[in-house]
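Colleague: I have just opened my first protein model and would like some help with reading it. Could we go through it together, feature by feature?

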Amino acid sequence: DPTKLVMMIVSDTDADNLMAALVERGFPVTKIGSTGGFLRRGNVTIFSGVVESEVDNVMQLVTEICHARKEFVPVQTLPFIGDGSFSAEPIEVRVGGAIVFVLDVDRFQRI
Ligand code: 2BA
(Lines give C-alpha, C1' and ligand atoms only; values in the text may rest on other atoms or scores of the structure.)
Protein backbone atom coordinates (compact mmCIF):
# COMPACT_ATOMS: atom_id res chain seq x y z
CA ASP A 1 0.00 0.00 0.00
CA PRO A 2 1.14 3.57 -0.62
CA THR A 3 2.86 5.26 2.31
CA LYS A 4 3.51 8.61 0.63
CA LEU A 5 1.29 10.90 -1.38
CA VAL A 6 3.21 12.88 -3.99
CA MET A 7 1.33 16.03 -5.06
CA MET A 8 2.72 17.67 -8.17
CA ILE A 9 1.54 21.05 -9.45
CA VAL A 10 2.66 21.38 -13.05
CA SER A 11 1.88 23.45 -16.11
CA ASP A 12 -0.87 22.40 -18.51
CA THR A 13 1.70 21.89 -21.22
CA ASP A 14 3.70 19.29 -19.25
CA ALA A 15 0.82 17.52 -17.54
CA ASP A 16 -0.05 14.98 -20.22
CA ASN A 17 3.57 13.96 -20.74
CA LEU A 18 4.11 13.56 -17.02
CA MET A 19 0.90 11.53 -16.58
CA ALA A 20 1.83 9.25 -19.46
CA ALA A 21 5.32 8.69 -18.08
CA LEU A 22 4.00 7.89 -14.61
CA VAL A 23 1.33 5.51 -15.88
CA GLU A 24 3.81 3.79 -18.19
CA ARG A 25 5.98 3.01 -15.17
CA GLY A 26 3.03 1.64 -13.23
CA PHE A 27 2.38 4.58 -10.91
CA PRO A 28 -1.29 5.18 -10.23
CA VAL A 29 -2.23 8.83 -10.82
CA THR A 30 -5.12 11.21 -10.41
CA LYS A 31 -5.19 14.46 -12.32
CA ILE A 32 -7.10 17.51 -11.13
CA GLY A 33 -7.48 20.76 -13.02
CA SER A 34 -6.30 23.63 -10.81
CA THR A 35 -5.55 27.33 -10.95
CA GLY A 36 -2.52 29.20 -9.62
CA GLY A 37 -3.41 31.94 -7.19
CA PHE A 38 -0.84 34.40 -8.46
CA LEU A 39 -1.11 34.11 -12.23
CA ARG A 40 -4.68 32.79 -12.21
CA ARG A 41 -3.77 30.50 -15.04
CA GLY A 42 -4.79 26.92 -15.34
CA ASN A 43 -2.30 24.44 -14.03
CA VAL A 44 -2.68 20.77 -13.24
CA THR A 45 -2.31 18.95 -9.95
CA ILE A 46 -1.32 15.30 -10.19
CA PHE A 47 -1.52 12.99 -7.18
CA SER A 48 0.29 9.72 -6.92
CA GLY A 49 0.24 7.45 -3.89
CA VAL A 50 3.41 5.37 -3.81
CA VAL A 51 5.61 3.41 -1.46
CA GLU A 52 8.36 5.49 0.07
CA SER A 53 11.12 3.83 -1.94
CA GLU A 54 9.49 5.02 -5.18
CA VAL A 55 9.30 8.72 -4.28
CA ASP A 56 12.70 9.47 -5.79
CA ASN A 57 11.72 7.72 -9.02
CA VAL A 58 8.60 9.86 -9.29
CA MET A 59 10.68 12.96 -8.56
CA GLN A 60 13.13 11.95 -11.28
CA LEU A 61 10.36 11.85 -13.89
CA VAL A 62 9.09 15.28 -12.80
CA THR A 63 12.61 16.68 -13.13
CA GLU A 64 13.02 15.20 -16.61
CA ILE A 65 9.69 16.41 -17.95
CA CYS A 66 8.87 19.72 -16.26
CA HIS A 67 11.35 22.45 -17.09
CA ALA A 68 11.12 25.84 -15.46
CA ARG A 69 11.56 28.90 -17.60
CA LYS A 70 11.08 32.63 -17.24
CA GLU A 71 8.28 34.55 -18.80
CA PHE A 72 7.43 38.23 -18.74
CA VAL A 73 3.88 38.94 -17.68
CA PRO A 74 2.22 42.35 -17.96
CA VAL A 75 1.39 43.50 -14.44
CA GLN A 76 -2.03 44.68 -15.60
CA THR A 77 -3.11 41.10 -16.25
CA LEU A 78 -2.46 39.97 -12.68
CA PRO A 79 -5.66 39.85 -10.65
CA PHE A 80 -4.30 41.16 -7.36
CA ILE A 81 -1.54 43.60 -8.14
CA GLY A 82 -2.73 44.90 -11.47
CA ASP A 83 -4.56 47.86 -9.98
CA GLY A 84 -2.47 50.50 -11.69
CA SER A 85 -0.43 51.45 -8.64
CA PHE A 86 2.54 49.35 -9.75
CA SER A 87 5.06 49.95 -12.48
CA ALA A 88 3.86 49.39 -16.02
CA GLU A 89 6.92 47.21 -16.66
CA PRO A 90 6.14 43.52 -17.20
CA ILE A 91 7.39 41.35 -14.35
CA GLU A 92 9.43 38.20 -14.73
CA VAL A 93 7.83 35.06 -13.34
CA ARG A 94 8.85 31.44 -13.24
CA VAL A 95 6.56 29.23 -15.32
CA GLY A 96 6.70 25.55 -16.07
CA GLY A 97 8.77 23.61 -13.59
CA ALA A 98 6.88 21.93 -10.80
CA ILE A 99 5.92 22.36 -7.19
CA VAL A 100 6.03 19.02 -5.40
CA PHE A 101 4.73 18.14 -1.94
CA VAL A 102 5.39 14.73 -0.41
CA LEU A 103 2.95 13.85 2.37
CA ASP A 104 2.72 10.90 4.74
CA VAL A 105 -0.26 8.64 4.17
CA ASP A 106 -1.95 7.80 7.49
CA ARG A 107 -4.31 5.31 6.00
CA PHE A 108 -5.09 3.91 2.57
CA GLN A 109 -8.14 1.89 1.74
CA ARG A 110 -9.64 0.57 -1.44
CA ILE A 111 -13.30 0.02 -0.73
P1 2BA B 1 0.79 30.67 -9.23
O2 2BA B 1 0.33 31.02 -7.86
O3 2BA B 1 -0.04 31.17 -10.36
O4 2BA B 1 2.28 31.22 -9.39
C5 2BA B 1 2.94 31.14 -10.63
C6 2BA B 1 4.38 31.62 -10.50
O7 2BA B 1 4.39 33.02 -10.21
C8 2BA B 1 5.14 30.96 -9.36
O9 2BA B 1 5.74 29.79 -9.87
C10 2BA B 1 6.14 32.01 -8.94
O11 2BA B 1 7.31 31.94 -9.74
C12 2BA B 1 5.44 33.31 -9.28
N13 2BA B 1 4.84 33.93 -8.10
C14 2BA B 1 3.91 33.41 -7.26
N15 2BA B 1 3.57 34.29 -6.31
C16 2BA B 1 4.31 35.40 -6.52
C17 2BA B 1 4.42 36.69 -5.88
N18 2BA B 1 3.68 36.99 -4.78
N19 2BA B 1 5.30 37.59 -6.40
C20 2BA B 1 6.04 37.30 -7.49
N21 2BA B 1 5.97 36.11 -8.14
C22 2BA B 1 5.13 35.18 -7.67
P23 2BA B 1 5.90 28.49 -8.93
O24 2BA B 1 6.53 28.87 -7.63
O25 2BA B 1 6.59 27.46 -9.77
O26 2BA B 1 4.43 27.98 -8.60
C27 2BA B 1 3.61 27.42 -9.61
C28 2BA B 1 2.24 27.14 -9.06
O29 2BA B 1 2.35 26.17 -8.01
C30 2BA B 1 1.57 28.35 -8.40
O31 2BA B 1 0.89 29.10 -9.39
C32 2BA B 1 0.61 27.67 -7.42
O33 2BA B 1 -0.53 27.20 -8.12
C34 2BA B 1 1.41 26.46 -6.96
N35 2BA B 1 2.16 26.66 -5.72
C36 2BA B 1 3.41 27.13 -5.60
N37 2BA B 1 3.80 27.15 -4.32
C38 2BA B 1 2.77 26.68 -3.61
C39 2BA B 1 2.54 26.44 -2.21
N40 2BA B 1 3.48 26.70 -1.27
N41 2BA B 1 1.33 25.96 -1.83
C42 2BA B 1 0.37 25.70 -2.76
N43 2BA B 1 0.53 25.88 -4.08
C44 2BA B 1 1.71 26.37 -4.51
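Modeller: Happy to! Let's begin with exposure: a residue counts as buried under 20% relative accessible area, as exposed over 50%, and as partly exposed in between. Keep in mind that this model is predicted. Take Arg40 as a trial case: its relative accessible area is 47%, so Arg40 is partly exposed.

Colleague: Where is Arg40 found?

Modeller: Arg40 belongs to the loop between β2 (30-35) and β3. There is something to notice in its backbone as well. Most residues other than glycine have a negative phi. Arg40 is not a glycine, yet its phi is positive, at about 55 degrees.

Colleague: Now a residue in a strand, please. Is Ser48 buried or exposed?

Modeller: Ser48 has a relative accessibility of 1%, and therefore counts as buried. You will find Ser48 in strand β3, which covers residues 42-50. Leaving out residues up to four places away in sequence, Ser48 touches Lys4, Leu5, Val6, Met8, Phe27, Pro28 and Val29.

Colleague: Which backbone oxygen does the side chain of Ser48 reach?

Modeller: That of Pro28, at 2.8 Å. For a polar contact we look for a pair of N or O atoms within 3.5 Å. You can try the idea again on Ser34, which sits in strand β2. The side chain of Ser34 has a polar contact of 2.6 Å with the side chain of Asn43, and another of 2.8 Å with the side chain of Thr45. Asn43 and Thr45 are also among the residues that Ser34 touches, along with Arg41, Gly42 and Val44, when residues up to four places away in sequence are not counted.

Colleague: That helps. Next, how do I read the ligand site? Which residues are around the ligand?

Modeller: Start by listing the neighbours, then look for polar atoms. Around the ligand are Ile9, Gly36, Gly37, Phe38, Leu39, Asn43, Arg94, Ile99 and Phe101. An oxygen atom of the ligand lies 2.9 Å from a polar backbone atom of Phe38. For Leu39, a polar backbone atom is 2.8 Å from a ligand oxygen. With Arg94 the side chain takes part: one of its N or O atoms is 2.8 Å from an oxygen atom of the ligand.

Colleague: What else can I read from Arg94?

Modeller: Its place is strand β5, residues 91-96. Arg94 has 47% relative accessibility, so Arg94 counts as partly exposed. The side chain of Arg94 also reaches the backbone oxygen of Ala98, at 3.4 Å. Not counting residues up to four places away in sequence, Arg94 touches Ala68, Arg69 and Ile99.

Colleague: Ile99 was on the ligand list too. Which strand is Ile99 found in?

Modeller: Strand β6, residues 98-104. With a relative accessible area of 42%, Ile99 is partly exposed. Its contacts beyond four places in sequence are Met7, Met8, Ile9 and Arg94.

Colleague: And Ile9? How far is Ile9 from Phe101 in sequence and in space?

Modeller: This pair shows how the chain and the fold give separate views. Ile9 and Phe101 are 92 residues apart in sequence, and their C-alpha atoms are 8.7 Å apart in space. Ile9 is in strand β1, residues 4-11, and at 24% relative accessibility Ile9 counts as partly exposed. Phe101 is one of the residues that Ile9 touches, and so are Asn43, Val44, Thr45, Gly97, Ala98 and Ile99, with residues up to four places away in sequence left out.

Colleague: Last topic: helices. How do α1 and α2 cross?

Modeller: For a helix pair, read the distance, the angle and the handedness. The axes of α1 (residues 12-24) and α2 (residues 55-65) come within 10 Å, crossing at roughly 145 degrees. The crossing is right-handed. From α1, the contact uses Asp14, Asn17, Leu18, Ala21 and Leu22, while α2 supplies Val58, Leu61, Val62 and Ile65.

Colleague: How many of those contact residues are nonpolar, polar and charged?

Modeller: The contact of α1 with α2 has seven nonpolar residues, one polar and one charged. Well done, and enjoy exploring the rest!

Notes
Residues numbered from 1 in each chain as written. Predicted model: local features only at pLDDT ≥ 70, side-chain atom pairs only at ≥ 80, totals over all residues. Heavy atoms only, no water. Axes fitted to C-alpha atoms, helices over the stretch in contact; angles between N-to-C directions. Helix = DSSP H or I, 4+ residues; strand = E, 2+ residues; numbered from the N terminus. Left-handed = near helix turned anticlockwise from the far one by under 90°. Contact = heavy atoms within 4.5 Å. Nonpolar A, V, L, I, M, F, W, Y, C, P; charged D, E, K, R; others polar. Buried < 20%, exposed > 50% of the residue type's maximum accessible area, 1.4 Å probe, protein only. Polar contact = N/O pair within 3.5 Å; in protein donor to acceptor, adjacent residues only side chain to side chain. Near = heavy atom within 4 Å.
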